[in-house]
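Please open the model in your viewer and keep the selection tool at hand. The tour below proceeds from one selection to the next.

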Amino acid sequence: MTSDSTQSDSESTLPQLSSIQLAVLLGSILIVALCGIVYELIIGTVSSYLMGNSVFQFSLTIGFFMFAMGIGSYVSRFVKKNLIEMFVNVEIVLAIVGGLCSVSLFMVFPFEPAFYTTVMFSFIMAIGFLVGIEIPLLMRVLAEHHGTRRSIADVLSLDYIGALIGSVAFPLLLLPSLGLITSSFAIGLINISVALLNTLWLREHMQNAKRALILALIALISLIALTLGAGRITAFAQDHLYFDKIVWQKQSPYQSIIVTNAWPHNDVRLFIDGHLQFSASDEHRYHEALVHPVMTAGADPERILILGGGDGMAAREVLKYKSVTSIDLVDLDPEMTWVGTQFNPVVQMNDGALNNELVSIHNADAFNFLQDSEDVWDRIIIDFPDPHNEAISKLYSQEFYALVLIHLAQDGAIVSQSSSPYFARRTYWTIGETMGSMFPEILSYNAHIPSFGAWGFHLGLRGAEPDLSRAPSGRAYMSEDVFKAARIFPCDISKPSDLKANSIFDPTLYEAYNKDMKSSPQKMLTQCRSDS
């Protein structure tokens, strides 16, 4: 027997397939590979949104998915006959399981984390197992007609091409246009369409084609109904994640943006990827603490750069200074700045700051913006989200601060929000350590914000220290006395001794953030007492 012939076993030999039938099977390989990689990306993305630590979540998803595929491939060897019918049945089950994975994960998240993790791994293993069965079954069918050598080449090449299409289509097309829940329904529809197509074209090679057709049609109708009702289903799932009524939501290519409102208190809240960004009840505390110390450091500032801050609240505080002649606001996401310029509840809160003629909005990556710019600013205000993934972590790195220094006036100052010194103690002080390695003088201070608890900031100075007596009137929180007290750090939020500056090449901040998310304030309190 030559290497290009099929192995003989107890499975029955299929009747000769027509060229159209073979084309259907080859096309199915590409489609099932596309669907498999998208399911994998959906689960990884949902877990990153809900649990944070995207590297960890995607690593687990990919690793266990591949492991489950290996199990499925091994189990396929025990399928001796009715290969096409088995493939169709796998597609039907995969369409249902994969189609429901996203909404199911959102629904179980409010329960115990261990329960969410169990459900997540169940979906990963089930989908990986089913995808692992598919390819060997089709390879064996094709081997009976094309020989082993050609069938392996055809199947693997189409499998890789399908994976490429799926991995590109998910971030560029599916996620921004459909969102996570609708995307999983849509991919389920594609799986069930493959099952129907194979049933219709290859029914003479199936013992129970009628049963498979009925099951596929039931699954098809169910998934169509779920897709049509995806908006309501998404809203229902989101209601389980947020206490308040969702008044606006958007899945952009970069992040999930949610605006809620607690009636009748009119407490508007903004969430990015599930992380609270501000609450109308106390956002003035955060933004006054962020803006006024840096604005009163040194000479009266004229040119201001705000990195992040697409909601417009920081710009509102900056515009209170009569010396300001221009504000450049850099926020990557156009959807975020749309909220700050067009969404009325937020526009009312920021006093229309982003629509002011002094404000220029740049939708660009902050790193790239600074690299391409030749401008110099008197004050630079950094209002990025917490470093809960690698992309954001690089914006708190030595390389980034070195770039910031190039664009800072000789007597200028910068400020960076730096997470909570209480709940993310190592994160907060690692940012301070990183800034301290680049700036001649660093002032660290914290503020109490009810929605967040203790929250921290770091101020990098090239000139004189802040003088809050020079700040404009009308402030509800930040004053000279408050700023003086804000620079005091009790033992339980004091700086640990074993920190390293964060670099793109040595991402210590991302490691610190992950440790903080796994530790508890009680452990820090115990350490504090032992050090006292």
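Helices and strands are named here as DSSP runs, numbered from the N terminus, with at least four residues for a helix and at least two for a strand. The model is a predicted one.

First, select Asp386. This residue sits in the loop that runs between strand E8 (377–383) and helix H13 (390–393). Asp386 is buried and nevertheless has no salt bridge. Select Arg269 as well: this is the nearest side chain of opposite charge, and it lies 14 Å away.

Which side chains make polar contacts with the side chain of Asp386? Display Gln417, whose side chain makes such a contact at 3.1 Å, and then Ser419, whose side chain does so at 3.2 Å. To complete the surroundings, add Ile392, Tyr396, Trp455 and Tyr513, which are also among the residues in contact with Asp386 when neighbours within four places in sequence are left aside.

Next, turn to the largest nonpolar core, which comprises 69 residues. Select Ile43, Val46, Leu105, Ile127, Phe170, Leu180 and Ile192, the members that touch the most others. Colour the helices that each supply at least two residues of this core: H1 (19–51), H3 (83–108), H4 (113–146), H5 (148–201), H6 (209–228) and H7 (230–239). H4 gives the most, with 15 residues.

Within this core, centre the view on Ile192. Beyond its neighbours within four places in sequence, Ile192 is in contact with Ile92, Ala95, Ala216, Ala219, Leu220 and Leu223.

Finally, select Tyr321, Val324, Ala471 and Met478, which are among the 41 residues of another core, lying apart from the largest one.

How values were computed:
Residues are numbered from 1 along each chain as its sequence is written. This is a predicted model: local features need pLDDT of at least 70, side-chain atom pairs count only at pLDDT 80 or more; totals for chains, interfaces and linings use all residues. Side-chain values use heavy atoms; hydrogens and water are left out. Buried means under 20% relative accessible area, exposed over 50%, partly exposed in between (1.4 Å probe, protein chains only). Lys and Arg count as positive and Asp and Glu as negative; His and the chain ends are not counted. A salt bridge is a side-chain nitrogen of Lys or Arg within 4 Å of a carboxyl oxygen of Asp or Glu. A polar contact is a pair of N or O atoms within 3.5 Å; within protein, one must be able to donate a hydrogen and the other to accept it, and residues adjacent in sequence count only if both atoms are side-chain atoms. Contact means heavy atoms within 4.5 Å. A nonpolar core is a set of buried Ala, Val, Leu, Ile, Met, Phe, Trp, Tyr and Cys residues joined through side-chain atoms within 4.5 Å.
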